[in-house]
Amino acid sequence: MKRTFHPRPLRARSAAAFAALSLALGVSSAAAAQGTSTDPRVGLRAGRYDAAQAISSMRLLSTTPSPAPFNENTNSDLAFSGKYAIQGNYGGWQIWDISNPTRPVIANAFVCPASQSDVSVYKNLLFISGEGLSGRLDCGTQGVQDTVSTDRLRGVRIFDISDVTRPRNVGNVQTCRGSHTHTVVAPAGDPENIYIYISGSAGVRSPSELAGCVGASPEENPNSSLFRIEVIKVPVAHPERAAIVSSPRIFNDLPAPPSHREAPEDVARAAQTAAAARARGAYTVNVFGLERVAPNQIIRPLLDSIAKTNGRTAANAADSAALRGSLQGIVDKMFSEDRTGPTQCHDITVYPAVNLAGGACEGYGFLLDITNPEAPVRIAAAADSNFSYWHSATFSNDGSKVLFSDEWGGGGQAKCRATDRPEWGADAIFTINNRRDLRFQSYYKLPAPQGAGENCVAHNGNLIPIPGRDVMVQAWYQGGLSVFDWTDPAKPTEIAYFDRGPMAEDGSSFGGSWSAYWYNGVIVSSEIGRGLDVLELTPGAMLTQNEIDAAKTVRMEYLNPQGQPQYTWAPSFVVARAYVDQLERGNGMPAARVTSVRQALANAERASGAARRTALTTLATQLDGQATGAHAAKVRMLAGTVRDLARR
């Protein structure tokens, strides 16, 4: 269903901090708003490893728990290289051998705490994001206690993983705001270098810790570390020379971002939860119009700092009272609205094949020209009153469309309840007009309502290489995985899914799928609290075995989050059959003609030499003559594949 688009900008916010506060808000009951849907995903039993499951047009090949100590920490994003899936974790990273997808095996589990340890690979190099205050250069687990310390790592770690069992740290690049996420850009014309776009969302470091860092606004100091991204150049042969080469200010001249109102049920529940928390002595603050419970991971270091300032080793009642008096001001500064436009991007998805990038940047979705990878240029921006936090982007394979996801509430809140508006926490699909502007077409949201105990919004995924279609798999946290077709940008349609019940019935656990990616024939999902899932597609009403097999003909050497390859298909009979299946499903060819084309393909496959070439050439010529009407483009794709087969 097409929905009304009301562009208006949104206010700046820190997803990570907001997510923490959102989790602390809590939920009262997983069954509070299940709705009346008969979808099998509704009302699944909770449990960490024994939760009930629902699945359609997919098969779960394996679920492998993370090893200790990673099983007690948060798994984050995934990257792929050869037979390995590399999974980030707030405690380090895990390298899985997935050559047997039914039994993934840990090749290495490397302890190196940071947040949030997003990962990317390029040949023998592994890149890890670090943003938290406790990340250390030496990967030690003791953290960093001092406010200013040369032991702290906030930026990108670079490891040589030529031997995955013995990763070697070969460089680090420190940045003023750390690296919440990053994007690897491998320009086709420069094999000697790659580039990394850094998106940091934390506060600015002290210049005493890293020279050149400036926390003031650009009006106060033109060298401000805010309102910019960092571009790192990495010489592939000498990664130890990696360094920041530019800091583009792609956020300039955008209007002030407002936000939409909270749902009434959220306002009421927040008030109830905050009152109960205050009664037991917890700290509460007002954020975005809601009174929220401040989590211990925020309160504890603040109390420690006040106590230290007052010459004490532990906080006393006076320190606690002082914090209560100043906490709201501290939080107001964290979520400051005294400046227009966004200050950062969350993710920047690069599509080098078309020299475009999609920047998901707080209250805006950007279209960037990356022809010069050292100097990305904003060429279009879109805002949407229904979007809360522009999180990531995915392009269609031909680069004519882009899909942005909304990580409503930083991912920590339930926004797939039956009572939630369908355009909240969803995807927004745009067509790209002459590389100059973005035109809204529709929203896509997980169609099955989830319980109030399940954090659920759109998150990370990628395209599945089904020829002739734009089909992607996407993670929805505790909403599970959804595979959907957005070939028609006005009518996205789900074709497969996998879901589990929540980690805990009372909604006290952040969990679900952080990201899910198609990689060389399987779908790999990073389960935040349960480890690694590997799945495969199975035929259904909207997907045939030929289409699945055609997708499996596309093989990748590596794959990174936010790094989109352009899929191409070598001519094969299975690719031709996939097109025929699509023409049949879409009534793009009379039934009798579908049968005759299939028979012609079967006869040609059984033939060889000149007989095969003649049969295929004849069929291609016939198809050329039939390429008319609404399905002409698809018939031409089929004809082209048949003709290419004849030439082999």
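A polar contact here is a pair of N or O atoms within 3.5 Å; within protein, one atom must be able to donate a hydrogen and the other to accept it, and residues adjacent in sequence count only if both atoms are side-chain atoms. The model is predicted: local features need pLDDT of at least 70, side-chain atom pairs count only at pLDDT 80 or more, and totals for chains, interfaces and linings use all residues. Residues are numbered from 1 along each chain as its sequence is written, and side-chain values use heavy atoms, with hydrogens and water left out.

The protein chain is divided into domain 1 (53–257 + 341–559), domain 2 (264–335) and domain 3 (573–646), with bounds that come from an automatic or database domain assignment. The centres of domain 2 and domain 3, taken over C-alpha atoms, are separated by 67 Å.

Strands and helices are named from DSSP runs, numbered from the N terminus: helices are H or I runs of at least four residues, and strands are E runs of at least two. Two strands pair if DSSP finds at least two bridges between them. One open sheet has 4 strands in the order E2-E31-E30-E29, with antiparallel pairing. Its edge strands, each paired on one side only, are E2 (58–64) and E29 (513–519). From one strand to the next the twist averages 20 degrees; axes are lines fitted to C-alpha atoms, for helices over the stretch in contact, and angles run from 0 to 180 degrees between N-to-C directions. E29 and E30 (residues 522–527) run antiparallel and are joined by 6 bridges. Trp 518 stands opposite Ile 523 in E30.

Another open sheet has 5 strands, ordered E6-E5-E4-E3-E32, and its pairing is also antiparallel. Here the edge strands are E6 (105–111) and E32 (558–559), each paired on one side only. Within this sheet, E3 (residues 75–81) and E4 (residues 84–89) pair in the antiparallel sense over 5 bridges, and Leu 78 stands opposite Gln 87 in E4.

Strand E26 (residues 471–475) is mostly covered, with 5 of its 5 residues buried. Buried means under 20% relative accessible area, exposed means over 50%, and partly exposed lies in between, using a 1.4 Å probe and protein chains only. In a regular strand the side chains alternate between the two faces of the sheet. Both faces of E26 are covered: Val 471, Val 473 and Ala 475 are buried on one side, and Met 472 and Gln 474 on the other. E26 pairs in the antiparallel sense with E25 (residues 461–464) over 4 bridges, where Met 472 is the bridge partner of Leu 463. The hairpin of E25 and E26 has 6 residues between the strands, and Gly 468 takes a positive phi near 80 degrees there. E26 also pairs in the antiparallel sense with E27 (residues 481–485), over 5 bridges, and Val 471 stands opposite Asp 485 in E27. In the hairpin of E26 and E27, which has 5 residues between the strands, Tyr 477 takes a positive phi near 50 degrees.

Which residues have the most contacts inside the largest nonpolar core? They are Met 58, Phe 80, Ile 464, Val 483, Ile 523 and Leu 537, in a core of 47 residues. A nonpolar core is a set of buried Ala, Val, Leu, Ile, Met, Phe, Trp, Tyr and Cys residues joined through side-chain atoms within 4.5 Å. A second, separate core of 26 residues includes Phe 573, Val 575, Ala 576 and Leu 616.

Arg 530 lies in the loop between E30 and E31 (531–537). This arginine is buried, with a relative accessible area of 2%. Its side chain reaches the backbone oxygen of Gly 47 at 2.7 Å, and a polar contact of 2.8 Å joins the side chains of Arg 530 and Glu 527. Leaving aside neighbours within four places in sequence, Arg 530 is in contact (heavy atoms within 4.5 Å) with residues including Tyr 49, Thr 63, Pro 65, Arg 500 and Met 503.

Ser 572 lies in the loop between E32 and helix H6 (573–585). Ser 572 is buried, with a relative accessible area of 16%. A polar atom of the Ser 572 side chain lies 3.2 Å from the backbone nitrogen of Val 575. Beyond its neighbours within four places in sequence, Ser 572 is in contact with Thr 641 and Leu 645.
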